[in-house]
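Q: I'd like a close look at one part of this model, with whatever surrounds it thrown in afterwards. Take your time over it.
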Amino acid sequence: MKKLTITMTAAALAAAAWASPPTYEYEGKWGSRGSGNGQFDDPGGVEVAPNGNVYVGDQYNHRVQYFTPTGSFLGKWGSFGTGDGQFNRAVGARAAPDGNIYVADYYNNRIQYFTSAGSFLGEFGSAGSGDGQFNHPHGGDFKADGTFYVGDQHNHRVQYFTSTGSFLGKWGSYGTGDGQFNNTLGVTLASNGNVYVVDNQNHRIQYFTPTGSFLGKWGTYGSGNGQFNRPLGIKADPNDNFFVGDNDNDRVQYFTSTGSFLGKWGKKGSDNGEFLSAKDVALTSTGARCYVTDGGNHRVQYFRLTNPAVEPESLGKVKALFK
């Protein structure tokens with residue numbers, strides 16, 4: 001009987017819905033079209049580093065720029081080319097646990113990594129479909145131990161590496177089945193190490209164990225809640241809520257770790273809180289602020305958490321009984 005009680009309690013905890021999901025409101029923005037400091041040409045990936053600075057992949061200016069949390073320009077690096085520290089479309093920037101910045105160098109089919117101030121440290125990858133090769137690398141994310149997961153877009157797979165680029169494993173192939181992809185873009189990790197992947201042309205999110213065993217999925221094509229039109233970026237907050245840049249729906253949607261819809265914001269346009277292609281998302285370490293690259297408006301917008309999730313009274317009672 002004791003075992004049955006514990007089982008029922010665990011099920012109740014897993015099924016309980018939050019009484020009030022988190023909500024966000026527009027707070028600020030920066031950027032315009034151009035090549036000057038703080039200007040962009042179709043910004044792609046965005047990341048909040050451990051030091052709180054915001055790094056942006058300035059795709060067609062072939063560089064990375066970084067800013068204070070409210071958008072004051074701090075620095076930049078990169079130019080067009082194939083040399084160390086040069087890029088051919090700087091798609092995204094991701095911060096490793098040690099604060100180094102990893103950049104998906106899209107058409108050069110490699111990952112380059114740098115200090116937080118842009119000093120070149122190393123690179124890995126080449127064009128191809130073999131282990132450690134890429135056909136247009138895109139989003140990525142890190143485990144706490146430095147393992148780096150990369151969305152290998154046109155190889156329709158995820159690859160993962162040590163922090164210095166040694167190949168560790170891969171999964172995925174072209175298709176619509178579980179564990180298959182049609183354009184692998186954004187990647188993020190949950191607190192338990194599970195890997196969440198944007199399956200762009202299949203208009204869905206899939207998630208896996210750290211070694212690629214399929215766990216679940218959500219999303220279909222459309223504009224309703226929980227539907228997508230070519231999603232791009234994904235990031236988890238500290239509570240394992242997952243924020244998705246729903247690119248061609250010009251909005252951000254967010255979900256629980258199993259895909260239950262929590263909320264959304266944005267619509268097509270150029271006013272505050274509107275988007276012309278909502279690409280990547282990034283969150284502060286507390287989840288109190290969310291940054292979104294607004295590609296067609298050549299800017300970054302940021303949003304403030306106004307209402308943290310509220311635990312329902314029924315869930316509190318279940319937890320009390322469990323104690």
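How many bridges join strand 20 to strand 21, and do the two run parallel or antiparallel?

A: Keep in mind that this is a predicted model. Strand 20, residues 251-255, is joined to strand 21 by 4 bridges, and the two run antiparallel. To put your finger on one spot in that pairing, go to Y254: its bridge partner in strand 21 is G263. Strands in a sheet pair through backbone hydrogen bonds, in either a parallel or an antiparallel way.

Now zoom out to the sheet these two belong to. It is an open sheet of 4 strands, ordered 18-19-20-21, with antiparallel pairing. Strand 18 and strand 21 (261-265) are the edges, each pairing on one side only. On average, neighbouring strands here are turned by 20° against each other, if you ignore direction.

Follow the sheet over to its other edge, strand 18, and you run into the largest pocket. Strand 18 (234-236) supplies at least two residues of the lining of that pocket, and so do strand 2 (43-48), strand 10 (137-142) and strand 14 (184-189). The pocket has a volume of about 640 Å³. Its lining has 25 residues, and the closest to the centre are E47, D141, F142, K235 and A236. By type, the lining splits into 14 nonpolar, 5 polar and 6 charged residues.

Strand 10 then takes you into another sheet. This one is also open, with 4 strands in the order 10-11-12-13 and antiparallel pairing. Its edge strands are strand 10 and strand 13 (167-171), and each of them pairs on one side only. Neighbouring strands in it are turned by 20° against each other on average, direction ignored. Strand 10 pairs with strand 11 (residues 148-152) over 4 bridges, in the antiparallel sense. F142, one of the residues closest to the pocket centre, stands opposite F148 in strand 11.

One last stop, on a loop this time. H62 sits between strand 3 (54-58) and strand 4 (63-67). H62 has a relative accessible area of 14%, which is under the 20% cut-off, so it counts as buried. Its side chain reaches the backbone nitrogen of R89 at 3.0 Å.

Conventions: Residues are numbered from 1 along each chain as its sequence is written. This is a predicted model: local features need pLDDT of at least 70, side-chain atom pairs count only at pLDDT 80 or more; totals for chains, interfaces and linings use all residues. Side-chain values use heavy atoms; hydrogens and water are left out. On a 1 Å grid over the protein atoms alone, a cavity is a set of points where a 1.4 Å probe fits but cannot get out, and a pocket is an open set with protein on both sides within 12 Å along at least five of seven lines; lining residues have an atom within 4 Å of a point. Grid points are joined across faces, edges and corners, and a volume is the space filled by probe spheres set on the points. Ala, Val, Leu, Ile, Met, Phe, Trp, Tyr, Cys and Pro count as nonpolar, Asp, Glu, Lys and Arg as charged, and the others, Gly among them, as polar. Two strands pair if DSSP finds at least two bridges between them. Axes are lines fitted to C-alpha atoms, for helices over the stretch in contact, and angles run from 0 to 180 degrees between N-to-C directions. Buried means under 20% relative accessible area, exposed over 50%, partly exposed in between (1.4 Å probe, protein chains only). A polar contact is a pair of N or O atoms within 3.5 Å; within protein, one must be able to donate a hydrogen and the other to accept it, and residues adjacent in sequence count only if both atoms are side-chain atoms.
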